[in-house]
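Q: Please take a close look at one part of this protein and explain how it is built and what surrounds it.

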Amino acid sequence: MAEELQIRLANIDDMKNVFDLSNDDTVRKNSINQNKIEWEDHVKWFRNRIDKSHFYIVENKNKEFVAQVRFDEQLESTISISITKNFRGKGLASEIIKQCSKKSKLKNIVALVKKENLASQKSFLKAGYKYDSSENDYIKYRWENTTVYIIAEMSANHCGDIELAKKIIKSAKDCGADAVKIQTYTADTITINCSNPEFQITDKNSLWNGENLYSLYNKAYTPWEWQAELKSYADKIGIDFFSTPFDFTAVDFLEDINVPCYKIASFEAIDFPLIKYTASKGKPMIISTGISSLEEIQEAVDTCNSVGNNDITLLKCTSAYPAKLGDMNIITIKDMIERFSSQGVKIGLSDHSMSNIPAITAVSLGACVIEKHFTLDRNLGGADADFSLEPNELKSLVNAIRDTEKTLGKIDYSINKNNRKFARSLYVVKDIKKGETFTQENVKSIRPSNGLHPRYYEALLGKKAKCDISFGTPLSDTLVDGGL
């Protein structure tokens, strides 16, 4: 592809630039009545739709506006795409559609294309959309998003340095991760400053043995004043950026910077008021289940549903840091899919091990999200560094997951016709005279496949030849007296 594209979620300023720069009818006209509209009306329309839509801006490496893509959840997650005049006819449409559809993380997306618009039909098919149905003047195509969503968890690995945090975000993008996640809390929003024994970590196997909870969180938190800047940087380079809130104030703060989704940590997954408040914002919910009982997991799902939020991903998680392979019980993912898929819930893995095997196994079992802690260098320190992947390790994991997806492929019982010709069939292996009987000595099942199917071998034995048949002749029904 000639153009190097960058894709990010749109904001009001982006929409203003698009509106001002473009004279396209697709941007400047209301799609219902085709009347030209003013910017103020467009803002009202945009704000009314943004909660149930995903707007993406597509730019080239020179920051020139290439296209606007919208996914409208109110209209069956329908995709609409507008490419500016300067970039039409360059073969970009299918790649833009494909990349934005993957980035949207919507499970199913619908495209409605006019029957006479053959170019758009071809673009959607090339992007991976499949024909669904045809009615009136439109053809419906459908996208099923099966790509595994890979999250690089930064946590405290920024070591209190915002520039290091940006480098981690850039490295995660370069390694092929889909998102970077942080945590939004302060020591005061997650615990209290108390020295009672229960506020001390006394597990000798813990990385944080001997730490006071308040002191640990005070060292490990990500300053809130960084977070809008970090999200803006992530948007700029084209990687998703979101966070784990630990109280209501964190949710409100993250709403202000417009994160695309929320993660609930294992130890907060039983805080149903927090889950309810977070889910009420209407954004996708990712919930780790490391310390929850099955009943509590179901209650978390029900809590999201109670406020109308049905976009839920549960992460199998072993809350040990790092986790031992023998403790991970990845087969649970298969059971979780069987239990929760009927409720529309997706399943993934939050992996604290130092191996790629759990994630690859999870993907093979149907996991659609993988989360791993990530650092530039474990030697830099940071509260989570000891169980975080370095760039070469994350890149290896991403490649392994993508290769696993390719290997899993799709359900396919079709025949490889190129190799089918080398399958066995029935051949004459000795000269046979007319009227002579077919026997085990003069007929065999051998390669290649030009003769009768081997299923006819027993029916053929004892029959007579209709004519002379020479050695090496593939058998057919016409060579058998009376046929088969």
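A: A good place to begin is the packing of one helix. The buried residues of helix 14 pack against helix 13, strand 14 (346-351), strand 15 (369-373) and helix 15 (391-408). The model is a predicted one.

Helix 14 itself covers residues 357-365, and its buried residues are Pro358, Ala359, Ala362 and Val363. Seen down the axis of helix 14, these buried residues fall within an arc of 135°, so they line one face of the helix. After helix 14 comes glycine 366, which has a positive phi, near 115°.

Next comes the strand on the other side of that glycine in the numbering. In strand 15, 5 of the 5 residues are buried, so the strand is largely enclosed by the rest of the structure. Buried here stands for a relative accessible area under 20%. The side chains of strand 15 can be sorted by direction: Val369, Glu371 and His373 point one way, while Ile370 and Lys372 point the other way. Glu371, His373 and Lys372 are among the residues of this strand that count as buried.

Strand 15 has partners along its edges. Strand 8 (residues 149-153) runs parallel to strand 15 and is joined to it by 5 bridges. Within this pairing, alanine 152 stands opposite lysine 372. Strand 14 also runs parallel to strand 15, with 3 bridges between them. Here leucine 349 is the residue opposite isoleucine 370.

These pieces can now be put together. Strand 14, helix 14 and strand 15 form a β-α-β unit, and this unit is right-handed. Its two strands are the parallel pair joined by 3 bridges, and its helix turns buried residues towards both of them, as well as towards helix 13 and helix 15.

A loop residue can be added to this picture. Threonine 318 sits in the loop between strand 13 (312-317) and helix 13 (332-340). Threonine 318 has a relative accessible area of 13%, so it counts as buried. Leaving aside residues up to four places away in sequence, threonine 318 touches Ala323, Asp327, Met328, Ser350 and His352.

Last, the setting of this part in the whole chain. The protein has 17 helices and 17 strands, and 46% of its 484 residues count as buried. Among contacts with a separation of 6 or more, 63% are between residues 24 or more positions apart. The protein exposes about 24700 Å², of which carbon and sulfur atoms supply 48%.

How values were computed. Residues numbered from 1 in each chain as written. Predicted model: local features only at pLDDT ≥ 70, side-chain atom pairs only at ≥ 80, totals over all residues. Heavy atoms only, no water. Helix = DSSP H or I, 4+ residues; strand = E, 2+ residues; numbered from the N terminus. Buried < 20%, exposed > 50% of the residue type's maximum accessible area, 1.4 Å probe, protein only. Contact = heavy atoms within 4.5 Å. Areas by Shrake-Rupley, 256 points an atom, 1.4 Å probe, with all protein chains shown as cover. Arc of directions from axis to C-beta. Pairing = 2+ DSSP bridges. Right-handed = clockwise from strand over helix to strand, strands pointing away.
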